[in-house]
Amino acid sequence: MTAQGQPNSPFNFIQVIIGALGTSYLNVIIFFLAGAAGASRRIGPNPTDVVAFDHLLQFTLIPILFFGLVVFLIGRANKGICKIAQWVGLVIAVASIAFPIMHAADAATAVGLSLIHIVTGIGWFFSVHYGNKKLHVPSKDVAAMMTP
């Protein structure tokens, strides 16, 4: 809280936790539905490279929670960074769909992993959503602050 009694953060970190858990639940559903549709979950030419259930949770929960904390802490000092982080994370998640599409052993695995990447990107976008409108900073002001 600031001296004026307003919160000093652009969003509450609990929304990152809720977003990470919700995204993980959706990804688990997609994981098992893809398996039911015949996904082998094999990636690359090596038949032992399989996307396991624990990988799904590790690569969903840890990045959203860790980077959500980073954005939360940076956002306390520079409120406009949240909008930038939202879009950068979403673009990275969508761009990373190229890997499972190019390296999946079968189409069901490619589709399943691509959907997981999309859901993770959307989950990230809403996890670091700038929810405190009292502290809103227009993005053009952020660009002006970042240029020397």
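**Entry 1: helix α1**

I began with the side of α1 that is shut away from solvent, and I noted that V16, G19, A20, T23, S24, N27, V28, I30, F31 and A34 are buried in this helix. I wrote beside this that the model is a predicted one, and I kept that in mind for every entry below. Next I looked up what these buried residues of α1 touch, and I found that they pack against α2 and α5.

I then checked the length of the helix, which runs over residues 13–36. Its 24 residues, taken at 1.5 Å a residue, should span 34 Å, and the C-alpha atoms at its ends are 35 Å apart, so the two values agree. Looking just past the helix, I noted that α1 is followed by G38, and that the phi of G38 is positive, near 105°.

**Entry 2: aromatic rings**

How many aromatic pairs are there? I recorded a count of seven aromatic pairs. One of them joins F31 and F32, and I noted it as edge-to-face, with 5.3 Å from centre to centre and 80° between the planes.

Are F31 and F32 buried or exposed, or something in between? F31 has 6% relative accessibility, and because buried means under 20%, I count F31 as buried. F32 has 46% relative accessibility and therefore counts as partly exposed.

I turned next to W87 and F125, whose ring centres are 4.9 Å apart and whose planes lie at 70°, so this pair is edge-to-face. I noted that the pair links distant parts of the chain, since W87 sits in helix α3 and F125 in helix α5, 38 residues apart. F125 itself has 15% relative accessibility, so I count F125 as buried.

Going back to F31 and F32, I also found that these two form one aromatic cluster together with F53.

**Entry 3: the largest pocket**

Last, I looked up the largest pocket, and I wrote down a volume of about 740 Å³ for it. Its lining is made by 26 residues, and F59, P63, S96, H117 and T120 are the ones that lie nearest the centre of the pocket. The elements that give two or more residues to this lining are α2 (53–77), α3 (81–95), α4 (98–103) and α5 (107–127).

Which helix gives the largest share of the lining? I found that this share, nine residues, comes from α2. Sorting the lining of the largest pocket by class, I counted 19 nonpolar residues and seven polar ones, and I found no charged residues there.

Note on methods
Residues numbered from 1 in each chain as written. Predicted model: local features only at pLDDT ≥ 70, side-chain atom pairs only at ≥ 80, totals over all residues. Heavy atoms only, no water. 1 Å grid on protein atoms, 1.4 Å probe; cavity = no way out; pocket = protein on both sides within 12 Å on 5 of 7 lines; lining within 4 Å. Points joined across faces, edges and corners; volume = space filled by probe spheres on them. Helix = DSSP H or I, 4+ residues; strand = E, 2+ residues; numbered from the N terminus. Nonpolar A, V, L, I, M, F, W, Y, C, P; charged D, E, K, R; others polar. Expected span 1.5 Å × (residues − 1). Buried < 20%, exposed > 50% of the residue type's maximum accessible area, 1.4 Å probe, protein only. Contact = heavy atoms within 4.5 Å. Phe/Tyr/Trp six-rings, centres within 6.5 Å; stacked < 30°, edge-to-face > 60°.
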